[in-house]
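I want to know what surrounds the ligand and how the sheets are put together. My entries follow the structure below.

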Amino acid sequence: MDSKAKTANISSFQHEERVFPPAAEFSATAHIKSMAQYRKLYRQSVTDPETFWAGQAERELVWTKPWKKVLQWKVPSAKWFVGGKLNVSANCLDRHLASPTANQAAIIWEGEPAGAGIHGEQRTLTYRQLHREVCLFANVLKRHGLKKGDRVIIYLPMVPEAAIAMLACTRIGVVHSVVFGGFSAQSVADRIADCQARMVITSDGGFRRGTVVQLKKNVDDALALKDAHGELLAKTIEKVVILRRANNDIRVVEGRDIWWHREVEQVSADCPAEPMDSEAPLFILYTSGSTGKPKGILHTTGGYLLTAKLTTKYVFDLRPTDVYWCTADVGWVTGHSYVVYGPLANGATSFMYEGAPNHPEPDRFWRIVAQYGVTILYTAPTAIRAFMKWGEQWPKKHDLSSLRLLGTVGEPINPEAWMWYHEVIGGKRCPIVDTWWQTETGGIMITPLPGATPTKPGTATLPFFGIVPEVVDDQGRPVPRLSGGKLVIRQPWPGMLRGIWGDMDRYQATYWNEVKGSYFTGDGCRQDKDGYFWIVGRIDDVLNVAGHRIGTAEVESALVSHHEVAEAAVVGRPDELKGQALVAFVTVKTGVVADQKLREALRQQVAREIGPVAKPDDIRFAESLPKTRSGKIMRRLLKQVAAGTEIKGDTTTLEDFSVLARLGSSEE
Ligand code: PRX
């Protein structure tokens with residue numbers, strides 16, 4: 001990695017470093033009230049992790065059979081609470097039924113469609129009602145022969161049924177893999193093929209910015225796709241469950257497709273929760289890496305749930321009176337841990353919203369906050385930057401005084417956006433928790449604790465209990481404070497991934513070979529004088545576009561699959577709104593005219609292969625791509641060209657230097 005460049009990048013923040021101590025009135029009632037208390041607990045958690053985690057697992061979760069061993073660890077394989085049994089849906093639902101929480105709202109939901117100034121549809125499900133829905137749907141899964149260990153794809157909009165389907169799977173030990181609605185038919189088919197799923201749960205559509213997302217049609221297309229040998233890609237699917245959501249005209253395939261509402265009428269609401277091994281697979285979530293197709297990140301039962309529950313409780317300082325809103329889609333890991341599992345395991349009220357933040361107008365989020373009295377808001381820096389652009393007048397129209405805590409996740413937050421969030425949304429009174437973590441980590445890893453940690457705009461601050469991050473050089477040695485390096489995690493933690501589905505070699509190679517004995521995050525980082533961690537961003541070939549993780553290799557392969565393309569290289573360039581924008585350098589085959597029409601066709605090609613989220617922002621045609629003598633594409637150089645910065649460094653190894661002069665831009 002180019003650590004020098006990365007360090008230079010962050011040192012520009014330095015002069016803006018301001019410290020915001022936690023407000024006394026917040027600390028007074030917080031779970032963790034001071035730095036001294038945090039430090040003491042943190043020390044215990046890392047010096048004797050097994051005692052710490054055993055205590056937490058006993059206190060926080062309901063087990064049907066106690067574990068024999070807290071941790072069995074041999075790099076890279078961790079087993080937590082070995083021999084213990086529990087059920088995730090029982091921990092999220094049944095355990096609350098014997099208390100007043102039973103009649104509290106578990107999920108409050110609002111759909112996107114909104115008529116003249118009135119909010120769209122609303123639904124509230126108490127814990128008791130959610131329990132019933134989950135039991136019914138789990139019985140539907142059983143009725144169609146699904147059993148422990150089988151895989152199911154969930155491809156739904158942000159509706160309560162997404163959470164119901166997830167919890168129903170966990171109730172009977174079925175492994176879910178949620179696919180974000182913005183992914184294409186091809187992506188759905190690839191995921192089905194990779195995890196050999198038996199069922200898809202989808203809907204006749206979902207609302208997004210006033211239009212209907214054609215989820216069912218994408219599933220139909222996915223199930224018809226063939227591989228290079230002419231074989232059906234997704235041939236393991238036996239049933240497709242369709243939720244009625246958009247009253248959309250869809251195709252129903254006799255014998256294969258079944259309606260959610262009809263199915264639940266035919267089963268009982270009695271469905272005992274299946275005791276599951278602590279290490280039983282819970283879910284697979286696909287995420288992009290630096291090479292090849294997305295990897296199926298595998299999480300298991302006991303350790304994941306403990307991480308989700310504990311981080312939600314302490315990082316958001318949750319209490320029963322909160323209306324907690326995490327704006328992430330359930331298709332991403334944030335939606336798993338902080339819309340569904342973390343809040344429900346804590347008996348909290350989780351708010352869900354189906355649609356876009358600017359539909360019908362840019363104040364939709366603020367209307368929701370005011371109307372439902374949202375107390376905790378957890379969103380992405382990209383969203384905050386978009387709100388900044390739309391202007392203060394939109395939040396100012398609403399009473400946001402119910403908010404008491406704000407959070408961010410997914411990408412580094414620039415200090416300007418942090419300050420705007422603090423002042424305009426938080427009214428200068430709400431602590432901000434900038435939380436760093438990954439699909440692989442299962443839960444939040446580096447974060448302030450709102451009653452204890454003094455915050456600084458732009459840093460995720462300090463590690464959560466039991467987490468041992470370190471910044472190291474290429475040899476894996478710790479670097480001094482203020483120097484840039486690679487971020488690694490030195491000790492296993494309960495929520496860590498257990499592998500890549502079906503590819504344990506890739507698991508070892510991706511995460512454990514870079515720095516021996518440690519988990520490699522793929523992120524660059526620097527610690528400041530107070531030991532705070534400043535995440536710089538990915539140092540591998542993964543881009544973070546608007547908080548979405550996109551592998552450059554995937555986009556390149558989508559581009560070269562177009563018959564007129566010879567070669568493609570994709571890099572990121574800094575973008576004010578999205579953090580990073582995607583720039584593709586493309587060479588075309590002889591005789592092909594590289595024009596605007598082809599550019600649009602290529603963008604569509606990427607949307608078809610991966611999904612609209614991965615469409616390049618800029619496609620530049622070149623006669624050839626700059627390569628080293630050994631034929632490697634010089635990405636560093638392309639990044640500089642993409643960013644429009646002066647070309648630095650040694651370019652004498654370029655195969656064809658003159659190519660630089662001819663790299664045309666789509667913005668010309
Ligand atoms: O680069 C880091 C960035 O997002 C990556 C993880 O992406 P994903 O697996 O999609 O999970 C996103 C939600 C947890 C990380 O490797 N990232 C995440 N949170 C932050 C962040 N970068 C800086 N600050 C953060 N708070």
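Before sorting sheets I fixed one term: two strands pair if DSSP finds at least two bridges between them. I also noted that this is a predicted model.

**Entry 1: the four-strand sheet**

I looked up the strand order. Four strands form an open sheet, β21-β22-β24-β25. Their pairing is antiparallel. I then checked the edges. β21 (469-472) and β25 each pair on one side only. From one strand to the next, the twist averages 45°.

I went on to one pair inside this sheet. β22 (residues 484-489) and β24 (residues 519-527) run antiparallel to each other over 5 bridges. Which residue of β24 stands opposite V488? I found F520 there.

**Entry 2: the seven-strand sheet**

I traced another open sheet, this one of 7 strands. I read the order as β5-β4-β17-β16-β18-β19-β20, with mixed pairing. The edge strands are β5 (122-126) and β20, and each pairs on one side only. Neighbouring strands here are turned by 20° against each other on average, direction ignored.

I picked out a parallel pair. β16 (residues 323-326) and β18 (residues 376-379) are joined over 3 bridges. C326 has Y378 in β18 as its bridge partner.

Next I looked for helices on this sheet. Helix α6 (residues 127-143) lies across β4 (105-110) and β5. Its direction is at about 90° to β5. Helix α7 (residues 160-172) packs on the sheet too, touching β4, β5 and β17 (349-353). The direction of α7 makes about 30° with that of β5.

**Entry 3: the ligand**

I listed the shell. It has 16 residues, and D434, T435, T439, D523 and R549 come nearest to the ligand. By class I noted 5 nonpolar, 6 polar and 5 charged residues. Which strands each supply at least two residues of the shell? I found β20 (432-435) and β25 (533-538). I had already met both as edge strands, β25 in the four-strand sheet and β20 in the seven-strand sheet.

Then I went through polar contacts. A polar side-chain atom of Q438 is 2.9 Å from an oxygen atom of the ligand. The side chain of N544 places an N or O atom 3.4 Å from a ligand oxygen. For E411 I noted a polar backbone atom, 3.4 Å from a nitrogen atom of the ligand. How much of the ligand does the protein bury? Taken alone, the ligand exposes 540 Å², and the protein buries 95% of that.

Terms used. Residues numbered from 1 in each chain as written. Predicted model: local features only at pLDDT ≥ 70, side-chain atom pairs only at ≥ 80, totals over all residues. Heavy atoms only, no water. Near = heavy atom within 4 Å. Polar contact = N/O pair within 3.5 Å; in protein donor to acceptor, adjacent residues only side chain to side chain. Areas by Shrake-Rupley, 256 points an atom, 1.4 Å probe, with all protein chains shown as cover. Nonpolar A, V, L, I, M, F, W, Y, C, P; charged D, E, K, R; others polar. Axes fitted to C-alpha atoms, helices over the stretch in contact; angles between N-to-C directions. Contact = heavy atoms within 4.5 Å.
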